[in-house]
Amino acid sequence: MINTTFLTSTLAMLQDGHAVDTHAPAVTHAATQIAEVGTGPKWILLIIGLPFLTSILCGIYAMIGNKTKLPAWTVVAGSGIAFLTTLAMYMSFDGTPYTVHAFDWIQVHFSSEGGDKSMIANFSFYIDTLTIYWMLFVTGLATLIALYASEYMSHDLGTSYCRFFGAFGLFVFSMACLVMGDNLLMLYLGWEGVGLCSYLLIGYFYKKPEAVAAAKKAFIVNRIGDLGLALGVYLTFVHFGSLEYAVLFNDPTLLGYIESAKTGDFSAIPRMAQWIPLLFMVGAFGKSAQFPLYVWLPDAMEGPTPVSALIHAATMVTAGVYLIARTYPMFLTSEYALPIVAWVGTITALLSATIAMAQFDIKRIMAYSTVSQLGYMFAGLGVLTPTGGVYHVLTHAFFKALLFLCCGAVMHGFAGQLDLRKLSGLRSVKGWGIVTLGMFIGCINLAGVPFTAGFFSKDTIIAEAFVTPGASMIGWILLFTAGLTAYYTFRVFFRVFTGPVEYHAGEEHHGDDGHDFHPHAPGWAVNSVLLTLTVCSIAASGLYFVGGNKDTHTKHYAQTMVMASTANYESPYSKHAIHAAHDSHDPNAGAGPRGTIDHELSMPIIGGDPHKVMYYVSAVFGVVGILLAALLQGPKGWQGLFIGGRTNAAECRMDPIARMCGPIPKMAENKWYVDEIYHMILVTPLRIISHIFHWIDKLLVDGLVNIFGFLPRLLAWILKPSQSGVLQGYAVSMAGGVTILLLVVFVIILQGGVA
Amino acid sequence: MTEKLAFIIPELILFIATCLVMVTGQWPVRAIRNFTPWICGIALVLAGMVAAMTPGDPAALFPNIMPYAKFIIAAVAILLVINLTGTVDRELEDDVDNGKPFLPIRSTGAEFYAFFMFSITGLMLTASADDLIWLFLALELTSLPTYIMVAISTHKNQSREAAVKYFFLGALGAAIFLYGFALIYGAAGSTNLSEIAVHFSDNGLGTIGLAGVLIALLGMSFKIAAIPMHFYTPDVYQGAASPVSAMLAFVPKTAGFLAIIAITATVGWNEFGRLPATVESMLWIMAALTMFVGNTLALLQTSVKRMLAYSSIAHSGYMLVGILAGPGPDGAPFYRNGIAAILFYLLCYGVMTIGVFAVLGAIEKRNADGTTSEADDIEDLRGLCKTHPVLGWTVVVCALSMLGFPPLLGFIGKLGLFSAGISAGQIPIVIILGLNSAIAAVYYLRLVAVAYLDKGDKPATVATLSPYASRRLAGVCSAAGVVLLLVVAQPLIEGAHKAADFNAPVPHQTDTQQDQPAEHALADHEE
Amino acid sequence: MDHLLHSTQLAQLAFPEAVPAVTMAHYLFVSAAMFVMGLVGFLTRKNMIVMFLCTELMFQGAGLALIAFGRHHLGADGQTFVIFVLCVAAAEAAMALALVVLLFRHKETLSAQAWKELNG
Amino acid sequence: MNPIWTLLLIALPLIGALMVAFGREDRAYGAAMRTMLVTLIPAAVMLWYFDFTLGAVHQGAASVKWIPDLGIKLSIGTDAISLLLIVLTVLLGPIVIAASKTAIKEDRRKYYAWLLVLQAAMVGVFAARDLMLFYICFEFTLLPMFILIRCYGSTNRVAASTKFFLYTFTGSMMTLAGLIYVVYFVAQQTGTWTLDIATLTAIAPRMPVEHQAWVLLAMLAGFAVKVPLFPFHTWLPLAHTEAPTAGSVILAGVLLKLGTYGILRFAIPITPDAFIQYAPALGVLSVIGIIYAGLICWVQEDIKKLVAYSSVSHLGFCVLGLAALNVSGLSGSVLYMLSHGLSTGGLFLMIGFMYERYHTRDMRAVGGLASKMPVWTFFMIFFTMASVGLPGLNGFPSEVLCLISAFQSDASWSAAHEAGAWGTTLGPWFAVFAGTGMVIAAMYLLIMVGKICFGPLREPDDHHAHEELPTDLSRREIWTLIPLAVACLVFGLKPNLLLDAISDPINQTVAAATTSQQPPQPEHHIDQAEDHAMIEPTDTISNPMTEATP
């Protein structure tokens, strides 16, 4: 069990000088290895092969100039079959992870005294519960969103259509490689592949300079993260000698490190090994848009909405969470890794929640809310509850995709209008019923209304935050952010969907403004997708009650899946551990293979066991947030349900309050000027340095070379007068030359140079 | 006494040919006059073959330098003769064609060829010199005729100015090295080179001996245009007609080097293959300065002949490195033998330089007023590969070879010098050699670029062919030589290596006498 | 050869204190002086004929040194060398005068300064 | 394997060059193309018959005596590494000829003839088994390139070509001096003056370390200029901007590899101990090169200069791999040589096609070509991603290996685990800073792609449609790109095709380099009197006027 010094040392790190809790219970449980890794059936390769095939097909359609919706249907079919194969894989999975080998990729063999070691990185796939868990919602969402996009992108059929779906297929292939890869280099391949696809898809409207700039920014910021990941991968190989999960996570040295980490003495673990998780973290923050590297996600909204829904809400951004979950044992071995993850996640959640409150573009709000929710997931991982984090990934994937698709439908219908000050009362517009319902379900999930999926997953994270010693501060911040989330979510809902019907066309509308513009309601494809997603979001809450597994004492579906994978570590204080211990009276039953129980340490919160109390506390924060939103943003009237004072789309009761509290809302709206700060600290100095380098290169280095080139010419100019053409001149020079030469030689003799 | 005569049969053949030439040169019948260069050619061929056959003089310091040296002298001299046709008496022959009577008083053809043959004979004599007096006479015989050849080469003031400079500075140089020889004789007591060598190796180089050797070397540096004495070269090469400059580039230089080899042989290389400190350091400074001055000043030239003059100075600098390296321990392989490297490089250098001079001689500029003037400016060569491909390619091949571009002859020669220098431990001078061949690349590249590469941004001046086809033949032969000699490089190198094996004088095992006090009074001379 | 007394020794025997012995150093000094005077003359005088005479002077300087050494080594080499030097000097003289006449005919002056078009 | 094939590889282009030079002007392209395609056959045969299991053995060896006195014996033979580089050169041949069909209008015979000569010279360098043939071909690649830049370049081609020639020529003169010193040392040890590389590499390591240091510096003078390593790179951007498309592709594709091949074939085996001493310095220079050149790319306006500086940055990785002196380092750098040739060659082809249509290299004048030239944009993005090092394409495996080798070759690290294969010269910080090169590469290449391919359409005002070429890529142009793209993909997905081939020679080089063959007492070893003065050449270097007598 990671003892209490673990997190307190982080607090010590932050407020140096804080007394470190010396209580260190002994370690009892021997680290059990992951079950032997078998080899799996070849049909698993369908999941990876099909999306790649669809992207190749789309390329061919583009070449033969196909104008129909064929690319869309190919991708939908491809992802659909992939989803079904994943389901079959899930059904047939008997608990022991296995690998499926496609073909050899990079193999270098070193012959050295210590036996010939070799670096193996093959195109092969490692299937265990975590992979299945991830692939289920990735392929599922991909199919749904591809269906949605078939209609949404229908206005520019032809090569662009093929290009979009080609990149879409390539994205699903890369995500599959990332999640299912059996070694860290395959993960890195998928990592960069999704980066490339997000670059291609964000830059889909390549005519718009902002889209191109956003795509470039996304790729470069991701690339900074990838650098961290790459260095981490190389360091892992150099330190542990292998990249494959099967070998890596059974590596005796790694298990040894975990043992010594448990006893709290991190001095035994070499500094190199402690660097690895820190580098992985940089990669995770880059890809999942956490605090230092989150700036690219809001700009990524330049891409079409299905892209934002799939890539920037559900799948790609969760890659960071997957990385940390997959390499969780390594994070345990580093002294500062998990605390940093927790704190960064919390800060990001709070920061982006504040920014989301002040935005007016609904897609931007959703983007910042994604960043905030990702912050929650990282906080979950940080405070020793991979189950909470991973479960939140699933629930968030569904309702955030739903929210994005609703915004997309709104944008599609109102000719690109996204500003919530220009839209109001869509609830009562004909044909927008399903969109409103979808939006509502999404919002209650996001806000964390009790008994919704969002509520359960967020609640586990916050509960664990309070339970894990030293992380109560994180818990309070997360609670406060939950309130803010509830507020800005329902701010959107009340401003856009309720109140008097009033809408203005976006800039893509060509006719003159005014009432002859009538929004065209979403088609059957969009509505059907929205409905399915709504059902899934609701069903996701059900997962909290079902899927428990008696003998491994797991309470719900997400927990069973996580506990059987490499991330099988559970905090001793987690609710599950306490229940398990309670049920089987064996104090160590509930803990994951590496944890033991120590009851008396569970810290009471507001007088009760945090697990039980948390339902009510977070529910309260959620509801308060919603009421505030209703009060300040909601419309007037309708049986007094809506107590807000808003009469039209433009203003609401919040505006005077905002004006009253000075510059803060203005700064929040400008995203706390983080972009500008980055530009000032990083981009401009680097550009100045480059110009300096350019000048150095042109003047100094080239100059030196030219000088060396010029020296002979200079010597020639000096000697030129000696050839004056006058006979006597030559004679004098000759005589002078002779004498000088003889003198120099004699000086050498006299100097005794002879000896 | 007659056995010495056996060694100079080739020179005798040449002498007979010279007399013949003097007669046929003035012959009223045009056909005989045109036959004069042929006589020289045939004589040279004969001399070359005889020289190749006769074994060297075993007693000399370099026993079998004679066959090899005389052979390459004859070979290159043939190239020179082909190149020299048509230098003088051009107007006279035109007038004779237009029916005017042949006035012997106006024709200088006879003297021209005679002087050329005298000079080549002198050169061969230098090769077979084993005596100070012989060496002095041979050197004078080589250079005196060239003064006159320069004077009568073109009927313009520039060649007269060149002649006056060449003559006076030549006389000065001759006086200096004569004084050197006198001192050497004074120190050694005998004029025979082998005896001098034995004396120096027994009693070491006295102060007078050292002074004598240094002054002799400095005097002879005039011939090879090394640093202190290089001032005349650019003006003389530019002033003289191209064929004569070609001859100046090869003949005095070869004579100079053969003489220097003879003199440094008398001084001798110690068991570490190094000359005595003073001689070595002077030669070292001379080599380094010659290379740098030659290469750098060539950068500024626009006249091709001046550029080639400076390039010949630079090449002398390269060859001095061979002297510094010395022949190495007896029986040393070719890569260690600096002298062999020089002898081989002389051949390569000769062939390359004559090639470019021949091309210059082969073309001429047609001025506005119908008269033709000699092509000298680098602009005259512009786009030569387009107008006259054969000549253009000759310039390109010869320039690249002089640059030391790998597969060509120049590179093999330079490689010989490189390996000799390094094997002798003279690393710094070899690095300077490397640097200088890089500096040299600039102006050789300019030659190649002007002839072959430039699209002629500026209109190519109309360089027409001069009436004498033989100069084109000389150019083509040297270009072919540069390429074809590669095939026979090995036999040539073996010849040079055999020529350069130096039988160092064996020091008598006398007791280590004290250095005789050099200037003991004449009065107390005792038996 | 060796029974002949040296002339200077005879002189010393006859007039022991009167005439100081003339050693080889004196001859060498005189020849060096002649050589240097010739060199300086060559550098300073403008007239070409005088310049040539100076080279002749240098040649004779060398010749004197040769004779002195010949006498010192009691060998005939020195003198034979001088004879050849004289004949070469004569050849040069002929050539020099022919050249000077040729130059005078074109430039009406005997000064060497006139000839300096070729330079650079 | 019959040596006739290697001979054919060198002879065919030369014969082709003669045929083209003396053939007709308008049929020059056809003749050149046929020659290049015919030379593909011997290359294929060699690839087929080459026995990769004993990769380090020179197969298809033959030699002809030329000047035994100077030890000059032209001998050819290829081992695995040189075979792969030869195949790369031969593959680029026809592509380059096809790419310059419409680009070159006048003086076609001269252009194609010299291109064929360049091809023969490059194959000669890689196939050379003795110093002389190597040096002759090494120099002989200079002349055609000089002519190509000089006659077919754009505005200030004269300065660029002269600087290119002189810079490399001076360097190679120093290398010649160093190598001859090595030959002398070996001759001094074994008695025979041989220029054969095998004997040199066998005996040269016995040289005392200070001599080795001087020889290494001399060799690096020549090869570092060619690579181009950081301070010696200023000739490359000039040469690239002025060279015609074909020239740029060959220059980036193969000529830069001569430098790294030289280091791999000469510097490491001949002066191993000095190389280990100087490897950290080499590593620092390459890391500076990566970051310095990368940042300069960022502010470049001229697209060819940008890609030229990117080659400087990329080859920094290659030299880093060499400096790491372990198996993954060397195999990474050889892989890098091959992959950089393909990806940067492709990039230059793309720029060439764009230059033929818009006659400008300024990124400000041209933009948003995706709408007009979609196929061109696809290939542009493909090659950009290949050179950025996207996994799945050929840049990635080489970059991985170079960076891992830098990590592995940490002195403390290999001491703890196992010496030998891990190397002791560099350390993790080299890899971290070199890694930033990956980010900077992404930055400047994406900015280039962003400016040129995406955004609103911008065309130079005096632009008129090209008379022969269609707006997008013609069939011929696509056929030049497809082999490169396929090769990039194949070597990206299956780098082991190459890695297994070169593993044998690499292991041998590393084993030889890391075991020191220093004789116990270097002093007494060279005791022949004749070379006593040789003992401290270092001081002869310092003061020129050394005295002779002891």
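Visitor: How much of chain A counts as buried?

Guide: In this predicted model, 57% of the 755 residues of chain A count as buried.

Visitor: And which helices and strands should I expect to find in chain A?

Guide: You'll find 28 helices and seven strands in chain A. As for how the chain folds back on itself, take the contacts in chain A with a separation of 6 or more: 77% of them come from residues 24 or more positions apart.

Visitor: How do I read a pair of packed helices?

Guide: The general idea is to describe them by the angle between their axes and the distance between those axes. Here, try helix α17 (residues 386-413) and helix α19 (residues 453-467), both of chain A: their axes come within 9 Å and cross at roughly 155 degrees.

Visitor: Is that pair roughly parallel or roughly antiparallel, and why?

Guide: Angles over 145 degrees count as roughly antiparallel, so α17(A) is roughly antiparallel to α19(A). The crossing of α17(A) past α19(A) is left-handed.

Visitor: Which residues meet there?

Guide: From α17(A) come A:T387, A:G388, A:G389, A:Y391, A:H392, A:T395 and A:F399. Facing them in α19(A) are A:A453, A:G454, A:S457, A:K458, A:T460, A:I461 and A:E464. Sorted by class, this contact has four nonpolar, eight polar and two charged residues.

Visitor: Now the interfaces. How many residues do chain A and chain D bring into contact?

Guide: For chain A it's 50 residues, in contact with 53 residues of chain D. When reading an interface, look next at the elements behind it. On the chain A side, β2 (98-110), α6 (184-202), α7 (209-240) and α27 (674-719) each supply at least two residues. The most come from α7(A), with 14. By class, that side of chain A splits into 28 nonpolar, 13 polar and nine charged residues.

Visitor: What about chain D where it touches chain B?

Guide: There, 38 residues of chain D are in contact with 44 residues of chain B. On the chain D side, two or more residues come from each of α5 (131-140), α6 (142-152), α7 (157-190) and α22 (537-542). Here α7(D) gives the most, with twelve residues. The class count for this side of chain D is 28 nonpolar, five polar and five charged.

Visitor: Last one: where are the domains of chain A, and how far apart are their centres?

Guide: Chain A is divided into domain 1 (670-722) and domain 2 (726-755). Their C-alpha centres lie 45 Å apart.

Terms used:
Residues are numbered from 1 along each chain as its sequence is written. Chains are lettered from A and ligands numbered from 1 in the order in which they are written. This is a predicted model: local features need pLDDT of at least 70, side-chain atom pairs count only at pLDDT 80 or more; totals for chains, interfaces and linings use all residues. Two residues are in contact if their C-beta atoms, placed from the backbone, lie within 7 Å. Helices (H or I, at least four residues) and strands (E, at least two) are DSSP runs, numbered from the N terminus. Ala, Val, Leu, Ile, Met, Phe, Trp, Tyr, Cys and Pro count as nonpolar, Asp, Glu, Lys and Arg as charged, and the others, Gly among them, as polar. Domain bounds come from an automatic or database domain assignment. Axes are lines fitted to C-alpha atoms, for helices over the stretch in contact, and angles run from 0 to 180 degrees between N-to-C directions. Angles under 35 degrees count as roughly parallel, over 145 as roughly antiparallel, 65 to 115 as roughly perpendicular and the rest as oblique. A crossing is left-handed if the near helix is turned anticlockwise from the far one by less than a right angle, and right-handed if clockwise. A residue is buried if 20 or more other C-beta atoms lie within 10 Å of its own, exposed if 12 or fewer, and partly exposed in between; C-beta atoms are placed from the backbone.
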